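The following exercises are meant for a reader who meets this structure for the first time. Each task is followed by a solution that proceeds step by step.

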Amino acid sequence: MRYISTRGQAPALDFEGATLAGLAADGGLYVPESWPSFSRDEIAAMASLSYAETAVRVLAPFAAPNLDEVALRGLCEHAYGAFHHDAVTPLVQLDERHWLLELFHGPTLAFKDVALQLLGLLFERFLAPLDTHLTVIGATSGDTGSAAIEALAGRDKVDIFMLHPQGRVSDVQRCQMTTVLAPNVHNIAIQGDFDAAQAMVKAMFGDADFAGRFRLSAVNSINWARLAAQIVYYFYAAVRLGAPDRKVAFSVPTGNFGDVFAGYAAAQMGLPVERLIVATNVNDILHRALTNGDYSAGELVPTAAPSMDIQVSSNFERLLFDCYDRDGAALAQAMQGFDASRRLQLGENVRGRIGELFSSARIDSDAMSLAMRKAAEGSGTIIDPHTAIGLAAAQASDVPADIPLVTLATAHPAKFRDAVERATGARPMLPPHLSGLFDREERFDVLPGDLAAVKTYIAERATPAAQDRLS
Ligand SMILES: *Cc1c(COP(=O)(O)O)cnc(C)c1O
């Protein structure tokens, strides 16, 4: 499979190239040149497969020719063998038509592990024969940082520098990052807020000299390999609920539009998806875009579902690319307009195309708390704030009654136990593999919110890419 940029200017790359590059050089995002597709028989045959084997089937067309099935199988078995549930992503029935797809049984208790555990192994595998070294830099408000650190700790030829705003991530989130003591993991607590940390990361990527010297790379959901890994659980869940003979609908707690875009990809590949419900909190740019075409960034409102607190959803560009009939030049123009004015009005045609598969709902904090309480009282199920937003959106939808509705459970309730306790009165316990978390040794450095200081810190610790070491 070749990968092309949504903005039409960057060179096409193979799977390995797209994985290591992250963002395309023209500012666009990599997407497959065409959607692979599975026949009904091929989909039906997935019903008897383990999670890792389903991953091999779904990922094979994306990873060829860089990885054959044997190589993929080794990576998938390794990545998903580390999950704390035999089914990896179990389906749990709530009532006659509602299901939860639990995506939080990985090492850091959020769905990001499903993709990042595999991405860490892909990095290591692709870098092994190359004379180069990668430096992953990121800013995190919590979930991404811990999942990325857990995925890259101890891997060869990669260093990771993760910036978090000092004192503004939860204790669980901080300890999940800072108690990982592998020498290639560097935690930096920035004296500033998340936006300050993120602005510094962007500035470092924008400094061509610095970015080239250390071969900077990103692990957020602009990375295609992450999205590819997330397509797998849509197939895994749907075939267990009767696909391909029966359609299935999914409700997805959405921030950067990565997870729900993976559902769109599954539908393009032949999975009979009745509907994808984009569930947002009050940071509702996507809900406005889907209901009246108003894709405009507003003021960020911090909520109890922080991983959905976004102003701009990067991966929405991937959907727009298809809705613009893959016209990279036209989309580049639209996105440049958005970057300048922070708003984009979607035309009737584009909205019509999106509406064929997607609907949306905006769930405020009262409705979120109510959903947590009702799940606890109704079926005894404790859910986290992000999942609650997805479930509330599923319950409010007009999907036909005979279609199973699957809500993606994106975080373990213990990861957001204060909000869960406020809503339900119950304080969820950390699972056994994290029970000693607060007794473990922490390691991190505190730096001022000053770009020069952070760059110096990184330059002193990162390994330069190969070109530099030779010259
Ligand atoms: C990252 C995250 C989301 C949002 O996923 P996107 O792919 O950014 O839309 C939702 N819930 C949780 C718990 C997350 O960590």
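**Exercise 1. A covered helix**

Which residues are buried in α7?

Solution. The model is a predicted one.
Step 1. Helix α7 spans residues 171-178 and is mostly covered, with 6 of its 8 residues buried.
Step 2. The buried residues of α7 are Val172, Gln173, Cys175, Gln176, Met177 and Thr178.
Step 3. To check one of them, take cysteine 175: its relative accessibility is 2%, and the cut-off for a buried residue is under 20%, so cysteine 175 counts as buried.
Step 4. The cover over the buried residues of α7 includes α6 (143-152), β6 (158-165), β7 (185-191) and α18.

**Exercise 2. Cysteines and disulfides**

State how many disulfides are counted, and determine whether cysteine 323 is buried or exposed.

Solution.
Step 1. The criterion for a disulfide is a pair of cysteine sulfur atoms within 2.5 Å.
Step 2. Under this criterion the count is 0 disulfides.
Step 3. Cysteine 323 has a relative accessible area of 5% and is therefore buried.

**Exercise 3. The two sides of a helix**

Describe helix α16: its span, its buried side, its exposed face and its two ends.

Solution.
Step 1. Helix α16 consists of 15 residues, 365-379. From its first C-alpha to its last it reaches 21 Å, close to the 21 Å expected at 1.5 Å a residue.
Step 2. Met368, Ala371, Met372 and Ala375 are the residues to consider, as they are buried in α16. They lie on the same side of α16, because the arc they cover around the axis is only 95 degrees.
Step 3. A general rule helps here: an α-helix has 3.6 residues a turn, so residues three or four places apart point the same way.
Step 4. The buried residues of α16 pack against α17 (385-396) and α18 (417-424).
Step 5. On the face turned away from this buried side, α16 carries the exposed residues Asp366, Glu377 and Gly378.
Step 6. At the N-terminal end, aspartate 364 caps α16, with a side-chain oxygen 3.2 Å from the backbone nitrogen of aspartate 366. Just after α16, glycine 380 takes a positive phi of about 70 degrees.

**Exercise 4. Aromatic pairs**

How many aromatic pairs does a search of the whole structure find? Classify the two pairs that involve phenylalanine 358.

Solution.
Step 1. The search of the whole structure yields 21 aromatic pairs.
Step 2. Phenylalanine 257 and phenylalanine 358 have ring centres 5.8 Å apart and planes at 35 degrees, so this pair is tilted. The pair links distant parts of the chain, 101 residues apart: phenylalanine 257 belongs to the loop between β9 (248-253) and α11 (258-268), and phenylalanine 358 to strand β13 (residues 358-362).
Step 3. Tyrosine 264 and phenylalanine 358 form a stacked aromatic pair, at 6.1 Å centre to centre with 25 degrees between the planes. This pair also links distant parts of the chain, since tyrosine 264 is in helix α11 and phenylalanine 358 in strand β13, 94 residues apart.
Step 4. Phenylalanine 257 and phenylalanine 358 are both buried. The relative accessibility of phenylalanine 358 is 6%, and tyrosine 264 is buried with a relative accessible area of 9%.

**Exercise 5. Three loop residues**

Locate histidine 133, alanine 243 and proline 107, and describe the surroundings of each.

Solution.
Step 1. Histidine 133 is found in the loop between α5 (112-127) and β5 (134-139). Its relative accessible area is 10%, so histidine 133 is buried. The side chains of histidine 133 and threonine 463 are joined by a polar contact of 3.5 Å.
Step 2. Alanine 243 is placed in the loop between α10 (224-240) and β9, and is buried with a relative accessible area of 6%. Not counting residues up to four places away in sequence, alanine 243 touches Ala238, Leu271 and Pro272. The C-alpha atoms of alanine 243 and leucine 447 are separated by 52 Å, the two residues being 204 residues apart along the chain.
Step 3. Proline 107 lies in the loop between β4 (98-102) and α5. With a relative accessible area of 14%, proline 107 is buried. Its C-alpha atom is separated by 7.3 Å from that of glutamate 150, 43 residues apart along the chain. Not counting residues up to four places away in sequence, proline 107 touches Asp113, Gln117, Glu150, Gln176, His433 and Leu434.

Terms used: Residues are numbered from 1 along each chain as its sequence is written. This is a predicted model: local features need pLDDT of at least 70, side-chain atom pairs count only at pLDDT 80 or more; totals for chains, interfaces and linings use all residues. Side-chain values use heavy atoms; hydrogens and water are left out. Buried means under 20% relative accessible area, exposed over 50%, partly exposed in between (1.4 Å probe, protein chains only). Helices (H or I, at least four residues) and strands (E, at least two) are DSSP runs, numbered from the N terminus. The expected span of a helix is 1.5 Å times one less than its number of residues. The arc is that of the directions from the helix axis to the C-beta atoms. Contact means heavy atoms within 4.5 Å. A polar contact is a pair of N or O atoms within 3.5 Å; within protein, one must be able to donate a hydrogen and the other to accept it, and residues adjacent in sequence count only if both atoms are side-chain atoms. Rings of Phe, Tyr and Trp (its six-membered ring) pair if their centres lie within 6.5 Å; planes under 30 degrees apart count as stacked, over 60 as edge-to-face and the rest as tilted.
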